[in-house]
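Work through the exercises below with the structure in view. Try each task before reading its solution.

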Amino acid sequence: MKLASLKQGRDGILLVVSRDLSRAVRADDIAPTLQAALDNWSAAEPALQARYNQLNAGGVSDDFELEMTQLASPLPRAYQWADGSAYVNHVELVRKARGAEIPESFWHDPLMYQGGSDSFLGPRDPICMADTAWGIDFEGEVAVITGDVPMGCTTEQAAGQIRLLMLVNDVSLRGLIPAELAKGFGFFQSKPSSAFSPVAVTPDELGDHWNEGRVSLPLLVDYNGQPFGKANAGVDMTFNFPQLIAHAAKTRPLGAGAIIGSGTVSNKQNTEWGSAIADGGVGYSCIAEVRMIETINSGKPQTPFMGFGDTIRIRMEDEAGHNVFGDIDQQVEPYQGP
């Protein structure tokens, strides 16, 4: 089934969305918010599924046309947002550009950071920044939303707690990252509010494209209206979602509604570093990778980071061309102050 949150208050109103994303119906009589549904999933899920089936069959009288601009992130705020870096090709590129080798441990011990989860952007909300010199970049990713995950769980137990999937634009400020990492305390200012797809879906909606804890579909990224990336999220994913969840839960339990991200989707494409769509490859899911390759090849980057007015669109389509999650579609705008 497909779920969304209508913008209202801090946590939105829970909606059930039709498979084709054209219609929606309120579900706040079942659970007022998506977080409430996740907190009581065993009771809420069957009722939500029944309403979803009715909506798709045309048997709901109070449904309405879905307007994506009225949607918040499926979880407008969350108790936990932890983002992995499951595509080691991305990690290799980051380090290669600065002349560093990738540690052997990266192949069996996932990278992960804890992001801010109290102010997610809606899928059509602007990316408001005070200064383009901060190096504004997008990062196209996939994420899962979990149920209650016990501390020290196995990957099999983690797999059983995957409730929903969605897409992510993990906005990054590349100009602020080096100084923050040099302090030895990780990301903070360099990782502002992330945006998520309009709709979160249960894994069964993906059919055979949800396989072994991975989503095997291209992540389509358009930058300023032009194709920028179409890397397959199921390819070159060193750590699957159950592994990422188990890693996050090694020393703490994860509460229902925890969001775990994949990190930037990145494919080698049978080359050393991957290649652009214009060169016959599948492109990239962030600007930083292009700049890294430019640095490797010519000694310096040429592609600028995002400026005011630039747009980013992230989506995923099935083999029939149907939009699965709806579009993340954002524009960078100047921050006007509180």
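Four short exercises on this predicted model follow.

**Exercise 1.** Check whether the span of helix α7 agrees or disagrees with its number of residues.

*Solution.* Start with the residues: α7 runs over residues 287-298, which makes 12 residues. Take 1.5 Å a residue, counted for one less than the number of residues. The helix should then span 16 Å. Now compare: the end C-alpha atoms of α7 are 16 Å apart, which agrees. Look past the end too. Gly299 follows α7, and its phi is positive, near 90°.

**Exercise 2.** Classify the ring pair of Phe138 and Tyr223, and say which parts the pair ties together.

*Solution.* The whole structure holds seven aromatic pairs. Phe138 and Tyr223 form one of them, at 5.3 Å centre to centre. Their planes are 50° apart, so the angle is neither under 30 degrees nor over 60. The pair is therefore tilted. Next, place the residues. Phe138 lies in the loop between β8 and β9, and Tyr223 in strand β16, so the pair ties together parts 85 residues apart in sequence. Both Phe138 and Tyr223 are buried.

**Exercise 3.** Find what sits over the ring of Phe187.

*Solution.* Look at Lys191. Its charged end sits over the ring of Phe187, 5.1 Å from the ring centre.

**Exercise 4.** Count the disulfides, then sort Cys128 and Cys153 by accessibility.

*Solution.* A search of the whole structure finds zero disulfides. Cys128 has 33% relative accessibility, so Cys128 counts as partly exposed. Cys153 has a relative accessible area of 9%, under the 20% cut-off, so Cys153 is buried.

Methods: Residues are numbered from 1 along each chain as its sequence is written. This is a predicted model: local features need pLDDT of at least 70, side-chain atom pairs count only at pLDDT 80 or more; totals for chains, interfaces and linings use all residues. Side-chain values use heavy atoms; hydrogens and water are left out. Helices (H or I, at least four residues) and strands (E, at least two) are DSSP runs, numbered from the N terminus. Rings of Phe, Tyr and Trp (its six-membered ring) pair if their centres lie within 6.5 Å; planes under 30 degrees apart count as stacked, over 60 as edge-to-face and the rest as tilted. Buried means under 20% relative accessible area, exposed over 50%, partly exposed in between (1.4 Å probe, protein chains only). A charge sits over a ring if NZ of Lys or CZ of Arg is within 6 Å of the ring centre and within 35 degrees of the ring normal. A disulfide is a pair of cysteine sulfur atoms within 2.5 Å.
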